[in-house]
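Visitor: I would like to learn how to read a few features of a model. Could you take me through them?
Guide: Gladly; let us look at the model together.

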Amino acid sequence: MLGHGEFVSGQVLADTLKVSRATISTWVGKLENYGLQVNRVHGRGYRLTQPIRFIDKKAIIGALPDGIGNQLGRIDIFAETDSTNKQALSGNYDDLSWQLMISEYQSVGRGRRGKQWVSPFGSNLLFSLAKKAHWPPEVLYKASIIVGLAVAQVFQQLISCPEDVKVKWPNDVYINGRKVAGVLCELQGSPVDESLLVIGIGINVFNQPQGEGIVATRLLQHMGGEPDRNVILAKIVERLLIIFEQAQAGALNELMSDWASFDFLLNKPVTVSLGASLIEGIARGMNEQAELLVEMPDGQVRAFNGGEVSVRA
Ligand code: BTN
């Protein structure tokens, strides 16, 4: 009832939902716990500061080309779940088609390196795309790199300054120096066997995390018009299915060089944190194994396949 973003009086909400006004006030408090901003104005009622257009299966399918839509075995949309990656990992995969799980809210959203991914209800994109297959090991190994590339390529088509889109190794997507999307790929099973690849993506569309030290942005700030979450999701799913097909068909080297044109860290002074040790140097791109290359002060180049990388001021 509040989704349109206009004021609705407490009495109208109470009468329609057949509860007391005190209950309405408690429920609105619950919406605020989901991260939504609600204006409460005496004499006018309640209003969401940002209207919500819900994730909708028909709208997603309508925005997918036929050849892509028919590769999706299943689309599940949750109002709330713990984590779409967790759901995708515990899903039932009786065939080898792609499965898509989307949620308006995650109570335990997983980020990389054990961090949490927090996003207000109905504001952003939180989804996992998963497929069980005999994945070539080299595709699995580079999965998170090509996912970051796919998301960045779609953002380039969406925003007003495409040259502002970058990828911070391995797969954080940035616009104008600020993080706009994160990727968490998880794998179940062994790379030499049939394995389940889960690609989890979180995109700041209308909302961005705030707080000290967080350097983030949202698509809304960079697009000419109002973002349509269903259309953005469809475009990313389409690009991912195509890019994984290309990778399986042997185009990994080409994709790696496409990635290089988005390299946010290239030639920047960086610090790599590996456990307790901090290593400083200049980022020099990625090698064939998708490892980050860093030139040390003595001129030697070291390759890293993990660790938290930050740009030094
Ligand atoms: C990162 O730390 O940058 C990766 C964040 C990945 C978040 C997404 S949101 C949808 C999917 N489900 C999760 O629990 N995590 C990923």
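Guide: We will go through the ligand site, the backbone, a surface patch and the cysteines. This is a predicted model, in which local features need pLDDT of at least 70 and side-chain atom pairs count only at pLDDT 80 or more, while totals for chains, interfaces and linings use all residues. Residues are numbered from 1 along each chain as its sequence is written, and side-chain values use heavy atoms, with hydrogens and water left out.

Visitor: Which residues come nearest to the ligand?
Guide: A residue is near a molecule if one of its heavy atoms lies within 4 Å of it. Here 20 residues are around the ligand, and Ser83, Gln106, Arg110, Arg112 and Lys179 come nearest.

Visitor: What polar contacts does the ligand have with glutamine 106 and lysine 179?
Guide: A polar contact with a ligand is a pair of N or O atoms within 3.5 Å. A ligand nitrogen is 2.9 Å from an N or O atom in the side chain of glutamine 106, and a ligand oxygen is 2.6 Å from an N or O atom in the side chain of lysine 179. Asparagine 85 takes part through its backbone: one of its polar backbone atoms is 3.5 Å from a nitrogen atom of the ligand. On its own the ligand has 410 Å² of accessible area, and the protein covers 97% of that (Shrake-Rupley method, 1.4 Å probe).

Visitor: Where is the cis peptide bond around proline 170?
Guide: Look at omega: the bond from tryptophan 169 to proline 170 is cis, with omega near 0°. Proline 170 sits in the loop between strand S6 (165-168) and strand S7 (172-175); strands are DSSP runs of E with at least two residues, and helices are runs of H or I with at least four, numbered from the N terminus.

Visitor: What is the phi of asparagine 176 and of asparagine 267?
Guide: Both are positive, although neither residue is a glycine: about 50° at asparagine 176 and about 65° at asparagine 267. Asparagine 176 belongs to the loop between S7 and strand S8 (178-188), and asparagine 267 to the loop between helix H9 (252-260) and strand S10 (269-274).

Visitor: How many disulfides does the structure hold?
Guide: A disulfide is a pair of cysteine sulfur atoms within 2.5 Å, and the structure holds 0. Cysteine 161 has a relative accessible area of 34%, and cysteine 185 has 24%. Both count as partly exposed, the class between buried (under 20%) and exposed (over 50%), with a 1.4 Å probe and protein chains only.

Notes:
Polar contact = N/O pair within 3.5 Å; in protein donor to acceptor, adjacent residues only side chain to side chain.
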